[in-house]
Amino acid sequence: MCFVVTSPARADSGALIRTTSDALRDAASVIEARVTDIRFTFDPVAGPRTVVTLGDIHTIAGEDPGREVQLATLGGPLPNRRLLVVSELAHFRRDSRYIVFLTSSDWFFSPVVADYAFRIENVAGREVLVTQSGNPIVGVNEFGIQVGGLSLEPGARQMRTRFDRIALVEDAAVRAERALSHADFVGTLKRLSATAAPRGSFKRSMVPGRVWNVMRVDPGQEGPR
Amino acid sequence: MKAALRIAAFVILALRAVDAGAYAFEVCDHKPVGWTQALQLVQNALSIPANSARVSDYVNAITRWNNVPGMRQMFKHAGITTGSSVAVDDGRNDVAVTTAAEIGNARGLTFTQFDQFWCDAFSDPHIVEADVFVANVGTFGPVALEGLIILSPRAVFLHEFGHALGLLHSEGYDIMRSTGPSPMVGGTGEHVDLFPDDTEGGRFLYSQPILRTNVFSSPHRLISNPNTIASNTGVGPVIACSSGGGKLNVMATVGNNGNFDMKQTERWFVSPNPKAYSNGTIVGQWKNSTYHAHSATTVWRTITLPPLMPGMYFFFHGVNQLHENYEPDEADNVAREALFIKVVHCRAP
């Protein structure tokens, strides 16, 4: 079996996250929770934020973050009525349950470790986990998260319902046939966290000193091609 | 006839098409959300200097997306900035290289702005700004080999430009995968390229009704479940007798990025030269195989090796080998597979 999870681009974490063990070590805690509210804020420094409130929290590993957690991810409506979307950041939907890795690192874009926010879907009476792309999780070990071939979500994502529960494709049960059960996924995470334990405290606030719409560049150092 | 005899017999064991249509995008009701006109890109020349490997990656991303058959040319280079920072809310479509830390230890990040945040029956939202950042992680510039590489910056440029166009992640045989590695195309030209799901997504959002042809061979295939990209073959080496007759079970992957079906001739050949993309010893041929528009297909073959001189051989697979179809780009027609073949003298039984 081949486990691969390194992604083209993921944020936000203290270091490059290549494996499940990396993600666990970067996390303060791994929780299961329900999205109870999503609202939007704007601040000239912090920028547009989508503030996701998580309740009904069960701690799977690491620090207990309490009864409620708010995740203020960069992106959302701007004062000029535009919408900012930042690729690669974890996205949440109302009334959905997730397993989320909460970072112990300083963060600016999102307090979620990389894109380690997995939605729990009930498919034909089975609780399974799906990735941000909607692909069912079929395996997990210290090296990575293994996903199934086809997303349970339609290719056309409705902008109107971007933050609402998503309607899965008709043959979701077939596509999720090999998915790990919720219990197996959680059990494996608990086992893995025994050797790659979450540590530190969840940073509830973003790191100060950054302005949302200014990005420093990296001067090119290498010679001509 | 002699030439025909040199071509070893082979058997088709299976044919499997990779799932097509695995691209994702946003819609407002039934209207896809994208750009109304081409993106005017502004290159940050401090982080993407002229004549650098970085600018090669930037140009490759523009070129690859602009060359999608049947898709409007959506990227235009419109100037440069030279500052040490870039604003992401200034109406310009900036492209820059940053440190990984600057973008939350991601490999890349794209800020996309839509002209309205709501969607209802009367609205028609579009993308109006996209700023692309690629982390200074890994080696910039062309990828020299067709091996499996986890996320070269060149691939990240291509991936983030897909987001800038309005495409979302999809875990198919494509560059928009969020789980690596990305597949690559074979040949003597560019290996970091787009794949049928990417090109179909681009065409869907920005179609231009022109017939174009492009088939390519890739040393990589999609494993659907579990979902990952893998080499078509193992590395081997497989041992074969110089007298010939050895059977070789291999996979080959072909993609059709064009917008009509292409019937053509495939060949397999071997050579001690790793760059023998056009002049190896032919070991197999399949005439009139058809690859459908917007699809990628992995086939199983059993190839019977002909007599060969002892030595180590590289293994190649090529499409459109008799040039039955005109293609603007034929540099991607032959892939060198990962497999090595070791040919040795064998004792007579």
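The dialogue below goes through a predicted model of two protein chains, A and B.

Q: Before looking at details, what secondary structure do chain B and chain A hold?

A: A useful start is to count the helices and strands of each chain and then to ask about its overall extent. Chain B has 4 helices and 20 strands, and its C-alpha trace spans about 75 × 40 × 35 Å along the principal axes. In chain A there are 3 helices and 12 strands. The radius of gyration of chain A is 18 Å, close to the 17 Å that the globule rule gives for 225 residues, so chain A is as compact as a globular protein of that length. The C-alpha trace of chain A spans about 50 × 45 × 40 Å along its principal axes.

Q: Which value of the radius of gyration does chain B have, and what would a compact globule have?

A: The idea is to set the computed radius beside the one expected for the number of residues. For the 349 residues of chain B, a compact globule would have a radius of gyration near 20 Å, and the 22 Å of chain B agrees with this.

Q: How should I read the interface, and how much area do chain B and chain A bury between them?

A: The size of an interface is often given as the accessible area lost when the parts come together. Here chain B and chain A bury about 5700 Å² between them, with 54% of it on carbon and sulfur atoms. On the side of chain B, the residues that lose the most area to chain A are B:Glu102, B:Asn105 and B:Phe117, which together make up 12% of what that side buries. The contact itself takes 76 residues from chain B and 58 residues from chain A.

Q: Which polar links cross the interface of chain B and chain A, and how many salt bridges are there?

A: One can look for charged pairs and then for polar contacts in general. The rule finds 5 salt bridges across the interface of chain B and chain A, and the side chains of B:Asp29 and A:Arg160 meet in a salt bridge at 2.7 Å, N to O. Between chain B and chain A, 29 residue pairs are in polar contact, both residues being at pLDDT 80 or more. Among the elements that give two or more residues to the side of chain B that touches chain A are helix 2 (53–66), strand 8 (108–114) and helix 3 (153–165) of chain B. Strand 8 of chain B gives the most, with 7 residues. By kind, the residues on that side of chain B divide into 35 nonpolar, 28 polar and 13 charged.

Q: Which strands form the open sheet, and in what order?

A: A sheet is read by listing its strands from one edge to the other and then looking at each pairing. In this model 7 strands form an open sheet in the order 4(A)-5(A)-8(B)-9(B)-7(B)-4(B)-5(B), and the pairing is mixed. Strand 4 (76–77) of chain A and strand 5 (75–81) of chain B stand at the edges, each with a single partner strand, so one side of each is left without a neighbour in the sheet.

Q: Where does strand 5 of chain A join chain B, and do the strands run parallel or antiparallel?

A: Strand 5 (residues 83–86) of chain A is joined by 4 bridges to strand 8 of chain B, and the two run antiparallel. At this junction A:Leu83 stands opposite B:Phe114. Within chain A, strand 4 and strand 5 pair in the antiparallel sense over 2 bridges, and A:Leu83 is the bridge partner of A:Pro77. The hairpin of these two strands has 5 residues between them, and there A:Arg81 takes a positive phi near 70°. Elsewhere in the sheet, strand 4 (residues 39–44) and strand 7 of chain B run parallel and are joined by 3 bridges, with B:Gln43 opposite B:Val95.

Q: Which backbone details deserve a second look, and where is the cis peptide bond?

A: Here the reader checks the omega and phi angles. A cis peptide bond, with omega about 0°, joins B:Gly236 and B:Pro237, and B:Pro237 lies in the loop between strand 13 (228–231) and strand 14 (238–241) of chain B. In chain A, A:Ala114 has a positive phi of about 45° although it is not a glycine, and A:Ala114 is placed in strand 7 (residues 112–123).

Methods. Residues numbered from 1 in each chain as written. Chains lettered and ligands numbered in written order. Heavy atoms only, no water. Contact = heavy atoms within 4.5 Å. Buried area = accessible area lost by both parts, 1.4 Å probe. Salt bridge = Lys/Arg side-chain N within 4 Å of Asp/Glu carboxyl O. Polar contact = N/O pair within 3.5 Å; in protein donor to acceptor, adjacent residues only side chain to side chain. Nonpolar A, V, L, I, M, F, W, Y, C, P; charged D, E, K, R; others polar. Pairing = 2+ DSSP bridges. Rg over C-alpha atoms; globule rule 2.2 N^0.38 Å.
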